[in-house]
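Subject: Structure for you to look through

Dear colleague,

I am handing over a structure that I would like you to read slowly, with the sequence beside it. My notes on what was found follow below it.

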Amino acid sequence: MGFLKHRFTIASSLIVLFFVVFSARLFYLQIYKGEEYRNFSERNILRALELPAPRGRVFDRNGEKILYNKPSFNIRIFPREITEVEELAEKLAEIINAPEEELLKKLRKIANLKSFYPVTIAKDISREELLLVEKSKEELEGMFLEVGHKRFYPHGEAAAVLLGYTGIANAQEVRTYGRIKAGNELGKMGVEKVFDSELRGTNGLEYVMVNAHGKVISDSVAALLPARKSREMVQGEDIHLTIDAQLQKVAYDALGKEKGAIVAMDVRSGEVLAMVSRPSYRPEQISKGLSSEQKIKKKKSFSLLNRSTQGTYPPGSVLKIITAFALLEEKTADPELSVYCPGYHLINKKRFNCWREEGHGHMNLYRAIVESCDVYFYKLSLKLGVDGLYPYLKKFGLGERTGIALPEKRGVSPSKTWKRKHLKEPWYPGETAILAIGQGYVTTTPLQISVVTSAIANGGIIVKPKIRKTDEKKLPRITGAAQRLDAKSVSFLKKALYGAVNEHRGTGIYARSKITSVSGKTGTAQVVSAKFESTKKQFQDHAWFTSYAPSDSAEISVTVLVENGGSGSVAAAPIAKEIIETYFKLKKERGEARVAKSE
Amino acid sequence: MKLELPNLSKYSWLLLLTALLCSAGLMNLYSISLLAGLGAFKKQLIWVLAGLLTVAIISRLRPLTLRNHSLTFYLFFLVLLALIFVFGKTVSGSRSWFQIGPVSVQPSEFIKIGIIMVLANYYANEVATKENYNSVELLKPIALLLVPTAAVIAQPDMGTAITILLIGSSVILLLGISRKALLQIIIIALISIVPVWHFLIKDYQKERIYSFMDTSSDPFGISYNSIQSQIAIGSGMGFGKGFSLGSQSNLNFLPAHHTDFAFSVISEEWGFRGSVFILLLYFSIILFILNIATSLEDRFATIACFGIAAMFFWHGVINIAMVTGLLPIIGTPLFFISYGGSSILTAFIGIGIVLCLRKK
């Protein structure tokens, strides 16, 4: 029986061997790899849920809310909790306003994600839908309601282009901005985009305990487990704009159905009081989703574009302000020098027309501005030359961004160098002549023109336009790298611009106001060559009017551009007048209100 | 192997270790029950009490009675195995259960005892000095083993079938196989591998085997259980997460945490100290039974005790290898630790038989 004893010994050894092997395995898993598995198990149960931070509010200069949040309800679902896709789609179709097949498709996609994180299935549901969801909560497996924040724009279309909109960050934006994650809300346009880092705030992070399906489990269970620090949600900062919401609204309405842009600015500080761009869009359209954003872009001739800063147009006669300034500064000719306007001027046998076919007769610089005589400027600009004019275009900031905190186009400030570089052609004298009256290669944004006018109005200071009110208590003051223009030339132009509105044969007479004194300059910019006769709207001239008031101690400048509006004096000047008058009416009302309050 | 045990007899030690392991198992179930309700814990408590009663009854029997009734015991459960195909209840794809009122009975657990008994009876009748058996002599024990195994495979319950096969083979190997017979068995086994793989092994079982080969390929699919179990065990680290604080098990990451993966829960909540302690208890019980087997003079008693030791051994080895990721998930309970009436009762019957056979 010795052999049996021997076999028993082998069996015992096997038992001990296995004990050792298993102990070693447990040592490996629990001691050697323990830390790693512990981390893994915590990731297994702890899920960081983001609590979207409400974005900051936006106020106008008087403290009126022009952009804020309203609560919105989103239906979210845990992909792993979905078992019966068809059944769920059927139930959901009874609740939310969407076709069943579409929901089924959506749910199938979500279910296939197998993600542990909840996915939004319906955004911003209506009150009726909300009630239905609350009622049948039990039947909707894996679903829950999330209280979110949706942006609300009380002034709708009037300020939509300026304020911009938000959207879900795409992959590229995540890479660019770093601080955000895919799926986060992000300012995409306008004020929302420019001040996004402040408006956005910090999403809260809540660590929740979840089961193997990713479903959040009850607090009583979570209480059993060690707590994890959550990140506090930080609401976005509020922003105060320099915009006057009421003036903005009046300005938007004043444009009527026309396409165009309006910039109203405090000439002393460069604070933008109103900035309008038409066509606009209804903000609710955007918040519904990205596809509508694209639709609007396509359909409504770039209504997402802020024409005040991103639209570039030939300035037309408005540019004569700069040409005149250059003529004065360069002492090209005595301002009193009389130049005869027969209605045209020949340069190298080529005929250059004045806008007034029958001609202006004898013109000096002052009259040439008041009546906007083209021939005067043709003739003298040839003496000045493009090299003499170009530095003044620069000085007034054309061809450069004004520095406002909004997306901006530079426009074109042409010179010999510019033409050689871009068109590989020499400069022709005729081009100097048409540049002098704001035609040809030169293009500007309405905001740039607004800065030019404000500089004349405030006595020669090129202001940096501001959209954000940084310190409310401080009085408007000229800030930034301001550049002072020659006082003598400025005061000459001030007189001339006053004359353009208030004198007989002035082109800006339709801006003349009984409330205040207005100075201004019209512009009628050709879109196509004058030879091309057409009644089609898109070939009509752009109408400009840039102005300020009161003429002697200016406060506000208003620049109006009506795309294809025709004559500046007819289409644009009355709009500017309306805005200027509104400004002073509002000022008076508010002043009275303040007095009444203090009494 | 001699063990010096102060004061207590090795039988008392066996009972003491069993009681300790049993308590640990109950405590573990209670720990899980805090969240899942006390149902499983209460049921298991009843099963333990029933088991202790069984031990008391069996240990009072005469060894000869046990031996004389070994075939009856074997045949009784064999018939039950057959009846399962008519009256059985299907749980997760396997038809392995009888539902009698609130109680589920799994005959494939009890048949293990039957096989051990009939094999011990068969070999006890042979000459004691015979070192190896040839293929003709092995026909009967192999048939006694293969018939119930085939029935279990047909349920299909691969895990239990493998355990049964290993337990029976251990007994057959102990008594010896001639070199020629071993060769013949190996050849037959090799030939039958292809038809068995094609016709007997279900797709889900094949998947489990594949998943074991590469556990990282699909963490949420077939090897999910194995990975979650290893996370549970590993995350216990040295001292565990604390009683009832096993997040893996309590939050449903660990499947079947009260049955096949109960050891993982202990490891998660009590850490390395707990898991090794349970391991030590369990393997000590095996060693004690083996020690008792060698000390008995009766040949039937020795072989039967060895069979019981083999049963404990293979259950332990397969279950722990499975939950620690050393073997694919084949579903074998760990005696006294895993929830389940049939398995715990089978274990108690085993202990009862060992205690009974100590008598001359």
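To begin with one pair of strands, how many bridges join strand 10 (residues 260–266) of chain A to strand 11 of chain A? There are 6 bridges between strand 10 and strand 11 of chain A, and the two strands run antiparallel. Strands, like helices, are DSSP runs numbered from the N terminus, with at least two residues (E) for a strand and at least four (H or I) for a helix, and two strands pair if DSSP finds at least two bridges between them.

Before going further, please keep in mind that this is a predicted model, in which local features need pLDDT of at least 70 and side-chain atom pairs count only at pLDDT 80 or more, while totals for chains, interfaces and linings use all residues. Residues are numbered from 1 along each chain as its sequence is written, and chains are lettered from A and ligands numbered from 1 in the order in which they are written.

Chain A as a whole

The secondary structure of chain A comes to 23 helices and 18 strands. Of the 599 residues in chain A, 43% are buried, where buried asks for 20 or more other C-beta atoms within 10 Å of the residue's own, exposed for 12 or fewer, and partly exposed for a number in between, with C-beta atoms placed from the backbone. Among the contacts in chain A with a separation of 6 or more, 72% are between residues 24 or more positions apart; a contact here requires that the two C-beta atoms, placed from the backbone, lie within 7 Å.

The five-stranded sheet of chain A

The pair described at the start belongs to an open sheet of 5 strands in chain A, in the order 11-10-18-17-16, with antiparallel pairing. Its edge strands, each of which pairs on one side only, are strand 11 (272–278) and strand 16 (519–525) of chain A. On average, and with direction ignored, neighbouring strands of this sheet are turned by 5 degrees against each other; angles run from 0 to 180 degrees between N-to-C directions, and axes are lines fitted to C-alpha atoms, for helices over the stretch in contact. Within the sheet, Met265(A) stands opposite Val272(A) in strand 11 of chain A. Helix 21 (residues 446–457) of chain A packs on the sheet, where it touches strand 10, strand 17 (542–549) and strand 18 (556–562) of chain A, and its direction makes about 145 degrees with that of strand 18 of chain A.

A residue worth finding in this sheet is Leu561(A), which lies in strand 18 of chain A. Why does Leu561(A) count as buried? Leu561(A) counts as buried because it has 36 C-beta neighbours inside 10 Å. Its C-alpha atom is separated by 5.2 Å from that of Ala261(A), although the two residues are 300 residues apart along the chain. Leaving aside neighbours within four places in sequence, the contacts of Leu561(A) include Gly260(A), Ala261(A), Pro446(A) and His542(A).

A hairpin and a helix in chain A

Strand 13 (residues 344–347) and strand 14 (residues 350–353) of chain A run antiparallel and are joined by 4 bridges, with Ile347(A) opposite Lys350(A). The hairpin that they form has 2 residues between the strands, and in it Asn348(A) takes a positive phi near 50 degrees. In helix 15 (residues 320–329) of chain A, 8 of the 10 residues are buried, among them Ile321(A), Ile322(A) and Phe325(A). This helix is followed by Lys331(A), whose phi is also positive, near 50 degrees.

Chain B

In chain B, the axes of helix 12 (residues 262–295) and helix 13 (residues 299–323) come within 9 Å and cross at roughly 160 degrees. That makes helix 12 of chain B roughly antiparallel to helix 13 of chain B, because angles over 145 degrees count as roughly antiparallel, those under 35 as roughly parallel, 65 to 115 as roughly perpendicular and the rest as oblique. Among the residues that make the contact are Phe283(B) and Ile286(B) of helix 12 and Phe312(B) and Gly316(B) of helix 13 of chain B.

Finally, Ile142(B) is in helix 6 (residues 135–154) of chain B, and it is buried, with 20 other C-beta atoms within 10 Å.

With best wishes
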